[in-house]
Amino acid sequence: MIDIIKRNKEVKKILSREFGFNNVSVKNDRGTAYGWCKVNIYNIEKPKDCYCDKKELNPYGYHCRNCLNKLNKITDTAYKLLRDIKFYTYYDDMNYEHKEIIVQAHFLE
Ligand SMILES: [Zn+2]
């Protein structure tokens, strides 16, 4: 068994150091997904070379490529910082083991 409350506090502490206490939210799923750790990181600044609003370059996307790269970099950093934390795991159809944590990054509105 994992002490989820203690675990989440540790996750919050580690990510707060990198992203700031008020920008990090750590929650636990309820019900059947209980144990899943859901992390949100807020107030990320958009990259200077963002072209989200240029329709001819970004016809389909909600975020442009440069914004997506930035968000991916943030979530990658978070996963790396949390690599020693213990999470529950599950196996996918290919029998790969995955940790039950999801990190999402959000731009400053
Ligand atoms: Zn953009």
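**Exercises on helix α2 and two asparagines**

Helix α2 spans residues 65-81, 17 residues in total, and its first and last C-alpha atoms lie 24 Å apart, close to the 24 Å expected at 1.5 Å a residue. The model is predicted.

**Exercise 1.** Find which residues of α2 are buried, and state how they are placed around the axis.

Solution.
- Step 1: C67, L71 and A78 are the buried residues of α2.
- Step 2: They cover an arc of only 30° around the axis, so they sit on the same side of α2.
- Step 3: In an α-helix there are 3.6 residues a turn, so residues three or four places apart point the same way.
- Step 4: On the other side of α2, the exposed residues are N72, D76 and K80.

**Exercise 2.** Name the elements against which the buried residues of α2 pack.

Solution.
- The partners are one helix, α1 (4-19), and the strands β2 (37-44) and β5 (101-107).

**Exercise 3.** Locate N43 and decide whether N43 is buried, exposed or partly exposed.

Solution.
- Step 1: N43 belongs to strand β2.
- Step 2: Its phi is near 65°, a positive value in a residue other than glycine.
- Step 3: N43 counts as partly exposed because 14 C-beta neighbours lie inside 10 Å.

**Exercise 4.** Do the same for N95: give its location and its exposure class.

Solution.
- Step 1: N95 is in the loop that runs between β3 (89-91) and β4 (97-99).
- Step 2: The phi of N95 is also positive, near 70°, in a residue other than glycine.
- Step 3: N95 has 6 C-beta neighbours inside 10 Å and therefore counts as exposed.

Technical notes. Residues are numbered from 1 along each chain as its sequence is written. This is a predicted model: local features need pLDDT of at least 70, side-chain atom pairs count only at pLDDT 80 or more; totals for chains, interfaces and linings use all residues. Helices (H or I, at least four residues) and strands (E, at least two) are DSSP runs, numbered from the N terminus. The expected span of a helix is 1.5 Å times one less than its number of residues. A residue is buried if 20 or more other C-beta atoms lie within 10 Å of its own, exposed if 12 or fewer, and partly exposed in between; C-beta atoms are placed from the backbone. The arc is that of the directions from the helix axis to the C-beta atoms. Two residues are in contact if their C-beta atoms, placed from the backbone, lie within 7 Å.
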